[in-house]
Amino acid sequence: MIFLAALLAAPIASAQTISPADPATASPARVDAAIAATFAGAAVAWMPRVTQDETQRLCSLRRNEPTQAEADSIVARESATLVMPAETTVLGNWRNGEKIAQNGQGGQFSDAPGTVSGGNCYACHQMAPAEISYGTLGPTLAGYGRLHDFKPEAARAAYAKVYNPQSAFACSSMPRFGHNKILTEQQIKDIVAYLFAPDSPVNAP
Ligand code: HEC
């Protein structure tokens, strides 16, 4: 009985010492300071990657749920930065696109110099229906070109979404592949071909 009483009387304060961050009181300045300290020794070339731009700052502040007006302003700002290929057809080689979609290399401290980055699309998307290993953070892209009637303007819209997803989805968690120079124009065209070529495995029934 004494033991039970002691248990009941035991302080439970320790459970309260770590509380989840409160969006109302979280301090962006403290987070910035922690990030700057963490990456203090990183190469100068990495600095743009750990410095938030206006869009990222607003998405962080709103925990990826901006108001409609804020979302509209983000989409407008990001759309203004799109660099679209001059020619109407944005379809490259789907076989190269498939390799890029499957390739998760690049963007790491341990990369050998000259490493060509992939798109790592399968980490977040189903693409070719025959592929059984894929992440589900993003929507399925199986049959994407077929579902868009293989229309050239839909392929251009897909190019824009891969180049900079935030030109369409304000606080997207999909990387801004062209904007952040992860993929080249040719690589994005190859990826778009993987999505839109009628004979691509993505469009297999
Ligand atoms: C980190 C996860 C992630 C990665 C990696 C990623 N995506 Fe996405 N993608 C998303 C999410 C999430 C969405 C849904 C839009 C949103 O709300 O952000 C999306 C949306 C899309 C869309 C638009 C679909 C529609 O509604 O029309 C396309 C096209 C697309 N992704 C293609 C790609 C391609 C191609 C790659 C690889 C080069 C890729 N994604 C890599 C997460 C990702």
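The following dialogue works through how to read several features of a predicted model.

Me: Before reading any detail, how confident is the predictor in the protein chain, and where does pLDDT stay under 50?

Reply: The general caution is that where pLDDT is low, the predicted coordinates should not be read in detail. In this predicted model the protein chain averages a pLDDT of 89, with 88% of the residues scoring at least 70. Over residues 4–16, however, pLDDT stays under 50, and for that stretch the model has zero contacts beyond four places in sequence.

Me: How many helices and strands does the protein chain have, and what share of its residues is buried?

Reply: The secondary structure comes to nine helices and zero strands, so that from the N terminus on every element in the run is an α. Of the 205 residues in the protein chain, 27% are buried. As for contacts between residues at least 6 apart in sequence, 59% join residues at least 24 apart.

Me: Which residues of helix α6 are buried, and how are they placed around its axis?

Reply: The general idea is that an α-helix has 3.6 residues a turn, so residues three or four places apart point the same way. In helix α6, which spans residues 94–102, the buried residues are Trp94, Gly97, Glu98, Ile100 and Ala101. Viewed down the axis of α6, these buried residues fall within an arc of 165°, and they therefore line one face of the helix. Part of what covers them is α9, residues 185–196.

Me: Which residues have the most contacts inside the largest nonpolar core, and which elements give two or more residues to it?

Reply: In soluble globular proteins, nonpolar side chains tend to be buried together. Here the largest nonpolar core has 29 residues, and those with the most contacts inside it are Tyr159, Val192 and Leu195. The elements that give two or more residues to this core are α6, α8 and α9, with α9 giving the most, seven residues. Leaving aside residues up to four places away in sequence, Tyr159 touches Met84, Val90, Ile188 and Val192.

Me: Turning to the ligand, which residues come nearest, and what classes make up the shell?

Reply: There are 22 residues around the ligand, of which Gly119, Cys121, Cys124, Gly138 and Ser172 come nearest. By class, the shell holds 15 nonpolar, six polar and one charged residues. Helix α8, residues 152–163, provides the largest share of this shell, with three residues, and α8 is also among the elements that give two or more residues to the largest nonpolar core.

Conventions:
Residues numbered from 1 in each chain as written. Predicted model: local features only at pLDDT ≥ 70, side-chain atom pairs only at ≥ 80, totals over all residues. Near = placed C-beta within 6 Å. Helix = DSSP H or I, 4+ residues; strand = E, 2+ residues; numbered from the N terminus. Nonpolar A, V, L, I, M, F, W, Y, C, P; charged D, E, K, R; others polar. Buried ≥ 20, exposed ≤ 12 C-beta atoms within 10 Å, placed from the backbone. Arc of directions from axis to C-beta. Contact = placed C-beta atoms within 7 Å. pLDDT = per-residue confidence, 0-100. Core = buried A, V, L, I, M, F, W, Y, C linked by C-beta atoms within 7 Å.
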